[in-house]
Amino acid sequence: MVGTDGRSEVRVPSIANWKLYDSAAEGLREYWYPVAQSAAIGRRPTHVKLCGQDIVLVRDSRLFALEDRCPHRCVPFSGGGTPAVAKRDFAGHLTCRYHGWVFELESGRLAAALTDGPDSPIVGKVHVRTYPVQERCGMVWLWPGEGEPSVPVEADIPEELLAADARVYSRSSPRRGNWRYATENGFDESHAKYLHRDSIWAWFRKIPSFNTMTLFIEPDGKWLSRGKSDIHFQQDYPGLGRWPHYHRLKVMKHPSSMKSSATSVRLPGILRVPYPGWSIFEWYVPVDARTHQYVQVNARWTNSLAARLRWWAYYTFLIRNVQHRFLNNQDAWMIGIMPDSHPERFFRPDASITAWRRLVETTARDFHGIVEATAAMAN
Ligand code: FES
Ligand SMILES: [Fe+2]
């Protein structure tokens, strides 16, 4: 159903089969992901892990990304956490620390095997995989899929963050747990009303106890949003009594209680939470099947120097600590203690989770070929 505002309401099937979603334990590969802060990557080879793949980042005339494994004896170019980091003997090249094989950064081609002389017959016969890499919004973006990217990096960055007047701050932290649990936690309708009730962020705020949820696909076709109506703050629960109990210092309503602030999610696992005057974006970047990188991006849109300074101070001293550390650490706590696989018994608010899974199942670039082949076989 398409509403007058261009949003189309999502109808969630009661019985679902998440075959494709379940198979994406190490992430969706046909997408660009933020993997590092640009400022943190210099000439020294730096290791990152994305979708189960060990990758080394290095800056030369531009930024390069290669598989973090020398084809000779599998030594990681990054040193694998030891000081044995690959050297930079020649411009545009990387030299493996063990036996001196030299690789061209642009192509990954073996350009020389120093300890076998200038006429080494192995030269030109060995390659290291290279990865497409870009820099936007102060971060490094990497494409872990096979072959050339099917879309430019801008296609996988919310356009609000690319606006000329966007002031963007980001931080990143490693977390236990699968990226899908983290994304589902972000878009989960109900946990904030209980888990975050005793966080510092909620000390002086009244958090709703429950509400009615509506799910929409936004007009751009990318974001799945959940809206709120019929918001309740205190109710009688049969046989138990009144909940929650508010102390008299709870004077403000939590921003999540505002009907206009729809939380949204899009592929490959990006959350958007709008607040008055600014927004939070979160990426749940798949490292491997058991860990993910939690990338928080905060944005405000202004060209005023004074407003920028106020926003910097607000973000640095309040949001970064009170919200991003304490409140989001509660999320990390839950995601980290969930077992690798488990039976599920969903309740009404979990329609947000099943709608997200359905979005992945039906629109993920990785699955297009599979979905088409399955449909062809069925006909
Ligand atoms: S392991 Fe890299 S050159 Fe031998
Ligand atoms: Fe949360």
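## Briefing on a predicted iron-bound chain

This is a predicted model, in which local features need pLDDT of at least 70 and side-chain atom pairs count only at pLDDT 80 or more, while totals for chains, interfaces and linings use all residues. Residues are numbered from 1 along each chain as its sequence is written, chains are lettered from A and ligands numbered from 1 in the order in which they are written, and side-chain values use heavy atoms, with hydrogens and water left out. The secondary structure of the chain comprises six helices and 21 strands, where helices (H or I, at least four residues) and strands (E, at least two) are DSSP runs numbered from the N terminus. Of its 379 residues, 47% count as buried, a term that stands for under 20% relative accessible area, with exposed meaning over 50% and partly exposed in between (1.4 Å probe, protein chains only). Among contacts (heavy atoms within 4.5 Å) with a separation of 6 or more, 61% are between residues 24 or more positions apart.

**Iron site**

- The iron ion (ligand 2) has as protein donors H191 (NE2), H196 (NE2) and two OD atoms of D331, at 2.1 to 2.6 Å; donors are N, O and S atoms within 2.8 Å of the metal (3.2 Å for Na, K and Ca), and since water is not among the atoms, sites may look incomplete.
- The angles among the four donor atoms run from 54 to 138 degrees, and the site is irregular; four donors would count as tetrahedral if all angles lay between 85 and 135 degrees, four as square planar and six as octahedral if opposite donors were over 155 degrees apart and all others between 65 and 115, and anything else is irregular.
- The donor residues follow the spacing H-x4-H-x134-D in sequence, and distant parts of the chain are linked by H196, in the loop between α3 (179-187) and β12 (205-206), and D331, in helix α4 (residues 305-337), which are 135 residues apart.
- Both H196 and D331 are buried.

**Helix α3 and the loop after it**

- In α3, nine of nine residues are buried, among them W179, R180, E184 and F187.
- W201 lies in the loop between α3 and β12 and is buried, with a relative accessible area of 6%.
- Although W201 and V322 are 121 residues apart in sequence, their C-alpha atoms are 6.1 Å apart in space.

**Nonpolar cores**

- The largest nonpolar core (a set of buried Ala, Val, Leu, Ile, Met, Phe, Trp, Tyr and Cys residues joined through side-chain atoms within 4.5 Å) has 67 residues, of which L28, V35, L57, L224, W283 and W356 touch the most other members.
- Apart from this core lies another, of 16 residues, including F77, A86, W101 and V128.
- Leaving aside residues up to four places away in sequence, W283 touches residues including P34, W141, D156, I270 and Y294.

**Two open sheets**

- Strands β3, β4 and β5 form an open antiparallel sheet in the order β3-β4-β5, where two strands pair if DSSP finds at least two bridges between them.
- The edge strands of this sheet are β3 (46-50) and β5 (63-67), each pairing on one side only, and the twist averages 35 degrees from one strand to the next.
- Strand β4 (residues 53-59) pairs with β5 over five bridges in the antiparallel sense, and the bridge partner of R59 in β5 is L63.
- A further open sheet has three strands in the order β6-β7-β8, again with antiparallel pairing; β6 (93-95) and β8 (110-113) each have a single partner strand, so one side of each is left without a neighbour in the sheet.
- Strand β7 (residues 101-104) and β8 pair over three antiparallel bridges, and W101 has A113 as its bridge partner in β8.

How values were computed:
Axes are lines fitted to C-alpha atoms, for helices over the stretch in contact, and angles run from 0 to 180 degrees between N-to-C directions.
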